[in-house]
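Here are my notes after going through this model with you in mind. Have the viewer open as you read, and work down the points in order.

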Amino acid sequence: MIVLLFVSAYILAMLEEVTELRKSKPMVFAASLIWVIIAVVYAGGSMTEKAAMAFRTTLEAYAELFLFILVSMTYLNAMEDRGVFERLRVWLLNKNFNYRQLFWITGFLAFGISSACNNLTTALLMGSVILAMGKDNQRFIALSCVNVVVAANAGGSFSPFGDITTLLVWQKGVVPFGDFFSLLIPAMINFVVPAAIMYFWIPEACPVPIEESQPMKRGGIVIIFLFILTIITSACFENFLHLPPTAGMMLGLTYLKFFSYYLQKIPPKLIAAQDSAQYEAEKQIEKDLAVKNLTVVREGYIDYFGPMKIMNRMEEWEHKKERHFDLPFDVFSKVANLEWDTLLFFYGVMLAVGGLSFVGYLELTSQHLYAGMNPTIANILVGFASAFVDNGTIMLAVLTMAPDISQGQWLLVTLTAGVGGSMLAVGSAAGVGLMGQTKGLYTFTSHLKCTPAIMLGFFASIWVHFLINGRYFVE
């Protein structure tokens with residue numbers, strides 16, 4: 001029954017774009033029913049406390065992951081509010097890069113940003129930039145979106161806090177913080193190989209630059225610095241204090257809270273002198289018009305309420321003036337704007353997988369997968385499985401199995417689970433998010449056409465990992 005519930009919920013989650021049913025709803029519902037079934041069965045056997053303890057253990061693991069992602073997403077929302085990403089988009093469009101150059105630039109940006117942010121946020125950010133630059137070229141949009149998905153998944157696979165996969169492995173303690181970065185070159189190969197192949201199908205034309213330029217709001221640079229400081233704090237908590245990385249992230253959230261307090265208490269500068277003079281001149285014209293014209297003739301009739309309407313327009317001018325001011329920055333509004341559907345989806349996934357593990361299915365799978373075959377083959381199969389099932393779910397299952405494998409094999413499964421989702425558009429949150437954002441310009445089919453090139457990069461990265469990280473395979 002619980003296997004049927006889990007599979008049904010996951011199918012509904014994968015069909016989110018078709019059914020328009022948020023993926024968190026069926027998953028949380030299934031997870032709840034799974035534990036209800038377990039509790040009922042164990043209550044009949046007078047082992048209720050055992051089931052309750054297992055549930056609390058799984059819930060604690062989710063709480064750590066939830067708080068970590070909450071802080072990361074809050075910082076990203078704050079940077080978006082301050083215009084950091086909009087500034088990046090305008091800068092790229094005004095540098096007169098051609099489509100081929102932008103293809104590589106957005107790819108490398110996605111690779112770098114995803115090492116500190118989750119792949120979904122990175123993909124959506126780069127997707128908005130790609131849509132703005134290539135609105136007249138569908139081929140550029142489709143191939144660039146594929147490139148961004150591959151780059152975002154690869155970039156997150158070598159950083160302890162870059163992806164759900166590595167974050168789970170780091171928090172579990174099976175791979176030390178510094179050893180993750182040994183996957184940098186294999187991850188780079190995974191991104192560069194398919195990108196080099198797709199590059200030849202990118203048009204050489206240049207997009208039309210844009211004229212508008214919105215300056216970054218007050219505090220944008222400081223928030224970037226605070227986010228970097230938060231990541232450093234999290235790493236220090238784990239390496240030197242031996243506390244969960246989540247504790248360091250929560251401390252980092254207070255950096256943003258105190259800075260938010262500063263932005264609220266220290267008022268921004270008023271509008272520039274030129275804008276202020278223009279505003280006062282326009283306001284005076286309106287006043288003069290209201291005084292001189294007791295009635296206003298419009299379209300052949302007398303509007304006796306004309307002066308009142310003109311005076312009421314003073315409110316519009318006040319509103320225009322207000323738009324020159326920096327609106328109050330509230331950190332709690334950034335928390336409210338998190339991707340709650342994704343966070344609740346992972347709650348359902350982790351609780352459901354925890355239920356399957358408690359019953360014994362993952363132990364049975366581990367015996368067949370890791371005891372019955374070579375661990376290298378098993379880890380490659382895990383990578384292929386992540387193309388169909390979310391990589392966070394796959395890695396959580398592997399960690400719950402706890403196979404007795406070398407450090408090199410743990411790094412290998414971290415790599416394959418992280419980048420394996422790039423083979424299909426539905427294999428990662430980045431691909432699913434971009435399909436929804438581009439509305440038919442980047443599709444499952446357009447991604448599938450690039451799958452052979454992506455698979456080539458997948459196997460090339462595995463070969464490079466064995467070539468340069470052989471020391472980790474020694475027991």
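1. A word on labels before anything else: helices here are DSSP runs of H or I with at least four residues, strands are E runs of at least two, and both are numbered from the N terminus. With that in hand, N96 is easy to place, in the loop between α5 (84–93) and α6 (99–113). Please keep in mind throughout that this is a predicted model.

2. Let's stay with N96 for a moment. Is N96 buried or exposed? Its relative accessibility is 55%, and exposed means over 50%, so N96 counts as exposed. In sequence N96 and P207 are 111 residues apart, yet 7.6 Å separates their C-alpha atoms.

3. Now the overall picture. The chain has 24 helices and two strands. Of its 475 residues, 50% are buried. If you take the contacts with a separation of 6 or more, 80% of them come from residues 24 or more positions apart.

4. Have a look at how α3 (residues 24–44) sits against α4 (residues 48–81). Their axes are 8 Å apart and the packing angle is about 155 degrees. Angles over 145 degrees count as roughly antiparallel, and therefore that is the label for α3 and α4. On the α3 side the contact is made by W35, I38, Y42 and A43, and on the α4 side by T48, K50, A51, A54, F55 and T58. Sorted by class, that contact has seven nonpolar residues, two polar and one charged.

5. Next, the second largest pocket, with a volume of about 520 Å³. Which residues lie closest to its centre? They are T57, T58, A61, K172 and L396, out of 17 that line the pocket. T58 should look familiar, as one of the α4 residues in the contact with α3.

6. Where does the lining of that pocket come from? Four helices each supply at least two residues: α4, α9 (164–172), α17 (340–359) and α20 (391–401). The largest share is from α4, with six residues. By class, the lining of this second largest pocket divides into eight nonpolar, six polar and three charged residues.

7. On to the enclosed spaces. How many cavities of 30 Å³ or more does the structure hold? There are two. The largest cavity has a volume of about 140 Å³. Of the 14 residues lining the largest cavity, N119, I164, T342, F346 and A429 are the closest to its centre.

8. Still on the largest cavity: α4, α7 (119–133) and α17 each give at least two residues to its lining. Here α17 has the largest share, with three residues. The lining of the largest cavity comprises seven nonpolar, five polar and two charged residues.

9. The second largest cavity has a volume of about 100 Å³. F68, I69, S72, A116, C117, N118, F161, G162, D163, I164 and L167 form its lining. Two elements, α4 and α9, give two or more residues to the lining of the second largest cavity, and the largest share, three residues, is from α4. The class split for this lining is seven nonpolar, three polar and one charged. Note that I164 is listed in this lining and is also among the residues closest to the centre of the largest cavity.

10. Two single residues to click on before you close the viewer. G155 lies in helix α8 (residues 138–156). Its relative accessible area is 0%, so G155 is buried. Leaving out residues up to four places away in sequence, G155 touches F111, S114 and S115. The C-alpha atoms of G155 and L109 are 9.5 Å apart, with the two positions 46 residues apart along the chain.

11. The other residue is T233, in helix α11 (residues 220–239). What makes T233 count as buried? Its relative accessibility is 9%, and buried means under 20%, so T233 falls in that class. Neighbours within four places in sequence aside, T233 is in contact with G248, L251 and Y255.

Technical notes: Residues are numbered from 1 along each chain as its sequence is written. This is a predicted model: local features need pLDDT of at least 70, side-chain atom pairs count only at pLDDT 80 or more; totals for chains, interfaces and linings use all residues. Side-chain values use heavy atoms; hydrogens and water are left out. Axes are lines fitted to C-alpha atoms, for helices over the stretch in contact, and angles run from 0 to 180 degrees between N-to-C directions. Angles under 35 degrees count as roughly parallel, over 145 as roughly antiparallel, 65 to 115 as roughly perpendicular and the rest as oblique. Contact means heavy atoms within 4.5 Å. Ala, Val, Leu, Ile, Met, Phe, Trp, Tyr, Cys and Pro count as nonpolar, Asp, Glu, Lys and Arg as charged, and the others, Gly among them, as polar. Buried means under 20% relative accessible area, exposed over 50%, partly exposed in between (1.4 Å probe, protein chains only). On a 1 Å grid over the protein atoms alone, a cavity is a set of points where a 1.4 Å probe fits but cannot get out, and a pocket is an open set with protein on both sides within 12 Å along at least five of seven lines; lining residues have an atom within 4 Å of a point. Grid points are joined across faces, edges and corners, and a volume is the space filled by probe spheres set on the points.
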